[in-house]
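Trainee: I am new to this structure and would like a close look at a single part of it. Could you take me through the cysteine link and the strands around it, step by step?

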Amino acid sequence: QVQLVESGGGLVQPGGSLRLSCAASGSILSIKSMGWYRQAPGKQRELVAVIISGSTQYADSVKGRFTISRDNAKNTVYLQMNSLKPEDTAVYYCNADAYMTWTGGTTNFWGQGTQVTVSS
């Protein structure tokens, strides 16, 4: 069974910073992509950032403030969040697209989420 375990969420004041981590474990041959999504109360889940094939993509709302990175040796993805705003408050979910067999395609996995609250 594959697991994605997130950590680093919490309560922070506006303008503060947090660093989220997500470690993948299980029977994985390799990871094609990893990313972060978030879901605020009453809203749909949205893409925050993704890293794939050495390239990164960000939602317009977080560009210049958030940075996604990977440690391939540890199958871990990070999200450095700076200059946090109240509108960043949400449950943040880790996502991975992984190769599980030599002959098959990729399989998608989700973490259970970690709460980020930005409030004064």
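Mentor: In this predicted model, a disulfide joins Cys22 to Cys94, with the two sulfur atoms 2.0 Å apart, and a search of the whole structure finds one such link. Cys22 belongs to strand β3, residues 18–25, while Cys94 belongs to strand β9, residues 90–99, so the bond ties together parts that are 72 residues apart in sequence. Looking at the bond itself, the angle about S-S is -85°, and the link of Cys22 and Cys94 is left-handed. As for their surroundings, Cys22 counts as buried because its relative accessible area is 0%, below the 20% cut-off, and Cys94 is likewise buried, with a relative accessible area of 0%.

From Cys22 we can move outwards, since its strand β3 takes part in an open sheet of four strands, which has the order β1-β3-β8-β7 and antiparallel pairing. At the edges of this sheet stand β1 (3–7) and β7 (66–71), each with a single partner strand, so one side of each is left without a neighbour in the sheet. Neighbouring strands here are turned by 15° against each other on average, when direction is ignored. To follow one pairing in detail, take the edge strand β7, which pairs with strand β8 (residues 76–81) in the antiparallel sense over six bridges; within this pairing, Ile68 has Leu79 of β8 as its bridge partner.

How values were computed. Residues numbered from 1 in each chain as written. Predicted model: local features only at pLDDT ≥ 70, side-chain atom pairs only at ≥ 80, totals over all residues. Heavy atoms only, no water. Disulfide = S-S within 2.5 Å. Helix = DSSP H or I, 4+ residues; strand = E, 2+ residues; numbered from the N terminus. Buried < 20%, exposed > 50% of the residue type's maximum accessible area, 1.4 Å probe, protein only. Pairing = 2+ DSSP bridges. Axes fitted to C-alpha atoms, helices over the stretch in contact; angles between N-to-C directions.
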